[in-house]
Amino acid sequence: MDCAVRSQALASSFALKPTKARAFTVRCSSLPRSTDGAAFGLVERPWKVADARLVLEDGSIWRAKSFGASGTQLGEVVFNTSLTGYQEILTDPSYTGQFVLMTNPHIGNTGVNSDDEESRQCFLAGLVIRSLSISTSNWRCTKTLGDYLEERNIMGIYDVDTRAITRRLRQDGSLIGVLSTEESKTDEELLEMSRTWDIVGVDLISGVSCKAPYKWIDKLDSQWEFSSSTREGETFHVIAYDFGIKQNILRRLASYGCKITVVPSTWPASETLKMKPDGVVFSNGPGDPSAVPYAVETVKKIIGKVPVFGICMGHQLIGQALGGKTFKMKFGHHGGNHPVRNLRGGSIEISAQNHNYAVDPASLPKGVEVTHINLNDGSCAGLAFSQRKLMSLQYHPEASPGPHDSDLAFVEFLQLMRQEKQNP
């Protein structure tokens, strides 16, 4: 394109004296452009452009920038209110089948390291954050969050309005969504995918559980201990059912003197009782407790025989095994800052929680005691039944990530096993 501009008129208007007219020519040219609007032959933009979409079943479409793996993935979108601990969250098997949206806007500044993993892999479907840190500053960091997710084939998006999505989830409840970096898929196709997929009634435990029993060896360095004064030289043999168990549950049991055998979710109750354990732990795990009737039957056959401690999914399975009912919550509890009242002593604990289902206390039989309630919504957060030698918590007393307020729950479990030894 050629453009000629003559300056004679301007000169006559602004100059005090007549000046000689001058002419100059501006020449412009255009370069061929790619399909995304970028011109070939130019230096790449120094910032990343939106290349991903989160499509929710309510019809909303959220443009974002991708990191980690590429592709298309389905999941249930939940929000987590923890301020830190994203690596423990990434490796928590209870997030299987879910996109975790972090309400804390700045994620990734501590990188990742092998010490903070809670399981052998990342089980969540994807990560949604507001701002991805451009640098890491932790002395234990070995790689960036983006590299970590890419190695484990986990999708992530950032530069999206996480506050607006959170408010939508609180109003409408957890929503099914589709994450995609594939331009070939239309918004309508992704929306249809989200509306034809469901997570309710699906057995997610079998996919995260170990395949064979094994003895767990405490690998925790003493410098990371914060409470081991109650051991008193005692040793208890504990069978831990792996419904998606986190490493720190095993570490806390070991720190209190327990020798642990981990068994698969399908391990028969008869085989467990043959091993003559001092106690049994039913661990946390993903999904709908009503979708795993085989696990409920296992719990039924064990409670009353030996002391039992249920955590999160284990708590829900115990509720069903006692004859109670569970229900899906509107948007669940996910985070390291949930207040819980201990009804026995009246104390308040700040707890780490991660669950979408809860036990209905009105459905429980006579004799079952509700020991803890969540102060945000009054839901059941703990049970006890002294006649059946059991206790359970809806939240994670091992606190990974989260506060250590509830660590004394392990002491209570030891006391149950101690009493059983003294009064067989």
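**A mixed ten-stranded sheet and its helices**

In this predicted model, 10 strands are arranged as an open sheet of mixed pairing, following the order E12-E14-E13-E15-E16-E21-E20-E19-E17-E18. The edges of the sheet are occupied by strand E12 (214-216) and strand E18 (348-360), each of which has a single partner strand, so that one side of each is left without a neighbour in the sheet. From one strand to the next, the twist averages 25°.

Strands of a sheet pair through backbone hydrogen bonds, in either a parallel or an antiparallel manner. At the E18 edge, the pairing of E18 with strand E17 (residues 325-342) is antiparallel and extends over 11 bridges, and Phe 327 is placed opposite Ala 358 in E18. Helix H6 (residues 247-255) packs on the sheet, where it touches E12, strand E13 (236-241), strand E14 (258-263), strand E15 (279-282) and strand E16 (308-311); the direction of H6 makes about 150° with that of E14.

A contact between two helices was also examined. The axes of helix H8 (residues 293-302) and helix H9 (residues 313-321) come within 9 Å and cross at roughly 70°, which makes H8 roughly perpendicular to H9, given that angles of 65 to 115 degrees are counted in that class. On the H8 side, the contact is formed by Ala 295, Val 296, Val 299 and Lys 300, while H9 contributes Leu 317, Ile 318, Gln 320 and Ala 321. By residue class, the contact of H8 with H9 comprises six nonpolar residues, one polar residue and one charged residue.

How values were computed. Residues numbered from 1 in each chain as written. Predicted model: local features only at pLDDT ≥ 70, side-chain atom pairs only at ≥ 80, totals over all residues. Heavy atoms only, no water. Axes fitted to C-alpha atoms, helices over the stretch in contact; angles between N-to-C directions. Helix = DSSP H or I, 4+ residues; strand = E, 2+ residues; numbered from the N terminus. Parallel < 35°, antiparallel > 145°, perpendicular 65-115°, else oblique. Contact = heavy atoms within 4.5 Å. Nonpolar A, V, L, I, M, F, W, Y, C, P; charged D, E, K, R; others polar. Pairing = 2+ DSSP bridges.
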